[in-house]
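The following paragraphs lead the reader through one protein model, beginning with its cysteines and proceeding to its sheet and its ligand. Please keep the sequence and the structure in view while reading.

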Amino acid sequence: MHADAPVVDRHARPLGVLRLSLTGRCNLACPYCCPDGDEPPGLLSLEAQLAVVRAACGLGAQTLRLTGGEPLLSDRLWPLLETIAAARVDAADPIHALQQVTLTTNGVLLTPQRAGQLKALGVARLTVSLDAAEPEAAAQMAGLQGGASAGERLLVQVTAALDAAVQAGFDPALGQLKLNSVIQRGHNDDQLIPLAALARDRGIELRLIEYMDVGNRNGWSSEQVLPAAEMVKRLQARWPLEPEGRADHATASRWRYRDGGGVLGTIASISEPFCGDCNRLRITADGQAFTCLFAAEGVDLKPWLTPVVDRDGLFKTMAALWQQRGDRYSELRAQVGNGSSHAEMAYLGG
Ligand code: SF4
C-alpha cells in the first residue's frame with residue numbers, strides 16, 4: 001500500500017518519523033519517566049510490527065526510531081531488524097522507502113557485540129541517554145538504589161557503551177552517535193558542565209532536554225524546568241558557543257563550540273516548542289498509535305493487526321489518523337496543560 005503523495009495532517013505536517021516502542025519495560029527507573037515494571041498486555045507480534053512499519057512507509061515515513069522502555073531488553077529487536085534489513089533491499093516492499101533506522105537506548109546493555117550487530121543490521125544512528133556524569137547524581141537520575149557506587153557502575157557501563165558504539169562504526173562526527181540528557185532544575189542542573197565535558201571528550205553531540213510534563217507520575221512543575229536558553233548561558237560561560245538553529249522537523253536546536261569542541265543540542269519543548277513541523281507518529285509495543293507525546297489516548301491498531309494483518313484496513317486507518325491530526329500540545333501547554341492527562345513516557349517510547 002502506498003499513498004500517491006505523502007499524507008499531511010491538519011497543519012500540513014507530513015508523517016516523517018515512526019517511533020516504534022518495542023517494550024514498556026526498562027532496566028532503569030528514571031524519576032522523570034517512572035517506567036512500568038511490566039509489559040503492556042497484547043504485545044505486537046513481529047508480523048504486526050512489520051505491518052505498521054510498512055503502512056507508515058507507505059504514508060511517507062522515512063525514519064524508523066526504535067524505542068522502549070529499553071529496546072535492548074526486547075527479544076523482538078533482532079528478528080525485527082533482520083527482517084527490516086532484508087525488506088530495505090526489496091524494491092517491492094514499502095520498507096524499501098526507509099531512509100534510516102535509528103535506536104534510543106540507556107546503554108546499560110549496549111555491549112561491543114550488540115553494537116556491532118546493530119551496525120551490521122543497518123541501524124544508522126544511536127542515541128544514548130545519560131542524565132549525569134558524576135556517580136551520586138547518575139544514580140539519583142536513573143532511580144538506582146545504592147548511591148554513588150551504583151552511579152559509578154552505571155557511568156562505567158554507559159561510557160563503555162559509547163566506546164563500543166564508536167568501535168562498531170557509529171561515528172559521532174557524522175551524528176551517528178548522540179547523548180541525550182534530561183535536565184531537571186534542582187536535581188541535575190549541576191551536571192551541565194560535567195556532561196558537556198564527557199561529550200566533548202568523546203566528540204559526541206550532547207542534547208540537553210528540558211524536563212517535560214510527560215505522563216502523570218513524575219510530579220512535574222514548571223519551577224523544575226531549566227530553560228534551554230539558561231542551559232546554553234551556563235555552558236557559554238565555560239565554552240563559547242555559536243548558534244546553528246534548528247533543522248526542519250528536528251527536535252533539537254544546535255550550537256557549535258567555537259573552540260572546535262563539536263556540537264551541542266537543546267530540545268526545548270517547554271520554552272521553545274517545535275510543534276509547527278512535528279512529523280512524528282508513535283506506536284506503542286501493544287499497538288496503540290499516538291499522534292503526540294502528550295496525548296492522553298491513542299488509537300488501537302490491533303483490530304487491523306490481529307489475529308491476521310489487514311494491510312488495507314491498517315493503511316486506511318493510519319492515513320485517516322494522521323490526516324485528522326491537529327496536535328500542538330507544547331504550543332498550547334499554557335492554555336491546556338494544567339491537569340491534562342498524558343500517556344506514560346516509557347509506554348510511549350519518549
Ligand atoms: S508536543 Fe506533540 S505536536 Fe508538539 S512537538 Fe511534541 S509530539 Fe509534536
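A search of the whole structure, which is a predicted model, finds 0 disulfides. Cys 57 illustrates this result: it takes part in no disulfide, and the nearest cysteine sulfur, that of Cys 278, is 18 Å away. A disulfide is counted here when two cysteine sulfur atoms lie within 2.5 Å, so the distance of 18 Å from Cys 57 to Cys 278 does not qualify. Cys 57 is also buried, at 3% relative accessibility. Cys 275 is likewise classed as buried, with a relative accessible area of 10%.

The sheet may be considered next. It is an open sheet of 12 strands with mixed pairing, in the order S7-S8-S9-S6-S5-S4-S3-S2-S1-S10-S11-S12. Strand S7 (241-246) and strand S12 (299-300) form its edges; each has a single partner strand, and therefore one side of each lacks a neighbour in the sheet. Helix H6 (residues 192-202) packs on the sheet, where it touches strand S5 (177-183), strand S6 (205-210) and strand S8 (253-257). The direction of H6 makes about 175° with that of S5. Helix H8 (residues 311-323) lies across strand S10 (280-283), strand S11 (288-290) and S12, and runs at about 130° to S10.

Several pairings within the sheet can be followed residue by residue. Strand S2 (residues 63-67) and strand S3 (residues 100-105) run parallel and are joined by 4 bridges; Thr 63 has Gln 100 in S3 as its bridge partner. Strand S4 (residues 123-129) is likewise parallel to S5, with 4 bridges between them, and Ser 129 stands opposite Asn 180 in S5. On the pairing of S5 with S6, the sense is again parallel, over 6 bridges, and Ile 183 stands opposite Glu 210 in S6.

How many residues of S5 are buried? The strand is mostly covered, with 7 of its 7 residues buried. Leu 177, Leu 179, Ser 181 and Ile 183 point one way from S5, whereas Lys 178, Asn 180 and Val 182 point the other way, and all are buried.

The ligand remains to be described. The residues around it are Phe 274, Cys 275, Cys 278, Arg 280, Arg 282, Cys 292, Leu 293, Phe 294, Arg 325, Asp 327 and Ser 330. This shell divides into 6 nonpolar, 1 polar and 4 charged residues. Cys 275, described above as buried, is one of the residues around the ligand, and so is Cys 278, whose sulfur is the nearest cysteine sulfur to that of Cys 57.

How values were computed: Residues numbered from 1 in each chain as written. Predicted model: local features only at pLDDT ≥ 70, side-chain atom pairs only at ≥ 80, totals over all residues. Heavy atoms only, no water. Near = heavy atom within 4 Å. Nonpolar A, V, L, I, M, F, W, Y, C, P; charged D, E, K, R; others polar. Buried < 20%, exposed > 50% of the residue type's maximum accessible area, 1.4 Å probe, protein only. Pairing = 2+ DSSP bridges. Helix = DSSP H or I, 4+ residues; strand = E, 2+ residues; numbered from the N terminus. Contact = heavy atoms within 4.5 Å. Axes fitted to C-alpha atoms, helices over the stretch in contact; angles between N-to-C directions.
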